[in-house]
Amino acid sequence: MPVVNSIELLVVGENANSFLTKNADILLEAVENEHYIKGKSTNGYPIIIYFCAPNELGSKLFKYTGPLDYINQFVERNKNISFKDIDDENQIFVKSNTPFLNPVLRDGILNNESWWQNPPNDLIEVEHIKGIVHNHSTYSDGIHTLKEMADYVRSSGFEYFVITDHSKSAFYANGLKEDMLLQQIEEIKKLNESYTDFKIFSGIESDILWDGQLDYADEILNQLDVVVASVHSILKMDIDKATERLIKAIEHPATRILGHPTGRLLLSREGYPINHKKVIDACAANNVVIEVNANPLRLDIDWQWIPYCTEKGVKISINPDAHNKTSIHDIKYGVYAAQKGGLTKSNCLNTKNLLEFSKWVESKKS
Ligand SMILES: [Zn+2]
Ligand SMILES: [Zn+2]
């Protein structure tokens, strides 16, 4: 889940007493009975530890995984079957004559009826990601240079890197004036001459202005490989205006990716309200990819909208929005969030290899 409220563990082959005796140092306080211990971890998180015998591991694992609503629906659909004392969780699905449901999908199934019989398979995995899209460098507010970023991405085993520094309206983030952007394009050309198995693509994270316009004239935008359009300012808009503003930007011929659609910051700032369906429909109509911003404070677009994106044929790009080298590894948080929405490898943009991604860049919007 994007926000974790508590940690629950299932321990097999132990009882609460012996577990506590051996692990007294992991809990601040504990209330115990023979089936569980409730307490707080030493770093303050609520934690529940359940116990079970080996012959009931499957039953208990199923019971304690995923939301209660899912468990209740599952039991309701299989009224005449007993799921007690099963050692292998898979057997629960065999008994109910339904496909195994990956634990990450057990929240999403509540809003996706078809997953009961046909859960998404070939779910996106971290190792499917071939290129790193949406990144910043010292040209704007990043802390590593373009070359440092690109070399790090390459040495981490990826095939391409899309640099999208901030645009000129983002003065607080040292956004690029036209001359600096053109200078960056020249530097990219030079750097690319030194790579044989790797490529940097030029780009920009263009601010979406209050009226939905992008931040540069078309002749500048047209020189870039990838334009990510994102809202960074004037976040307090009503839902109709905010939706209209995004749709205007989505309809711009240069826009290829919609960045962090709601601007939310988990635990601190709610995103601005948008009509998600209208925004996703506009992306479908204009062949625009939607970002799952993989920064763990964002995870925006929320995973719950991914099934609708899939239904409409809108691809998802899982982007770290890295402002330093090592932040590219935030990609994994985006992947985990996207898995919850059932995102498959083929519906993700940056699972494309360098050749396929180059073709996507060349295709522009059609
Ligand atoms: Zn941004
Ligand atoms: Zn960014």
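Is Lys248 buried, exposed or partly exposed? Lys248 is partly exposed because 18 other C-beta atoms lie within 10 Å, where 20 or more such neighbours would make a residue buried and 12 or fewer exposed, with C-beta atoms placed from the backbone. This is a predicted model, in which local features need pLDDT of at least 70 and side-chain atom pairs count only at pLDDT 80 or more, whereas totals for chains, interfaces and linings use all residues. Residues are numbered from 1 along each chain as its sequence is written, while chains are lettered from A and ligands numbered from 1 in the order in which they are written.

**Domains**
- The protein chain is divided into domain 1 (7-111) and domain 2 (126-363), with bounds that come from an automatic or database domain assignment.
- The centres of the two domains, taken over C-alpha atoms, are separated by 38 Å.
- Contact, defined as C-beta atoms placed from the backbone lying within 7 Å, joins 4 residues of domain 1 to 5 residues of domain 2.

**Helices H8 and H9**
- Lys248 belongs to helix H8 (residues 239-251), helices being DSSP runs of H or I with at least four residues and strands runs of E with at least two, numbered from the N terminus.
- Beyond its neighbours within four places in sequence, Lys248 is in contact with Asp211 and Gly212.
- H8 packs against helix H9 (residues 276-286) at an angle of about 10°, their axes lying 9 Å apart; axes are lines fitted to C-alpha atoms, for helices over the stretch in contact, and angles run from 0 to 180 degrees between N-to-C directions.
- H8 and H9 are therefore roughly parallel to each other, a term for angles under 35 degrees.
- In this packing, Thr243, Leu246, Ile247, Ile250 and Glu251 of H8 meet Lys278, Val279, Ala282, Cys283 and Asn286 of H9.

**Nonpolar cores**
- The largest nonpolar core, meaning a set of buried Ala, Val, Leu, Ile, Met, Phe, Trp, Tyr and Cys residues joined through C-beta atoms within 7 Å, has 65 residues, of which Phe161, Cys283, Ile316, Ile318 and Ala338 touch the most other members.
- Helix H11 (residues 331-340) supplies the largest share of this core, 6 residues.
- A second, separate core of 6 residues includes Tyr36, Ile37, Ile49 and Cys52.

**An exposed loop residue**
- Asn33 lies in the loop between strand S2 (27-32) and strand S3 (36-41), and Asn33 counts as exposed because it has 9 C-beta neighbours inside 10 Å.
- The C-alpha atoms of Asn33 and Glu291, 258 residues apart along the chain, are separated by 46 Å.

Key: Two residues are in contact if their C-beta atoms, placed from the backbone, lie within 7 Å. Angles under 35 degrees count as roughly parallel, over 145 as roughly antiparallel, 65 to 115 as roughly perpendicular and the rest as oblique.
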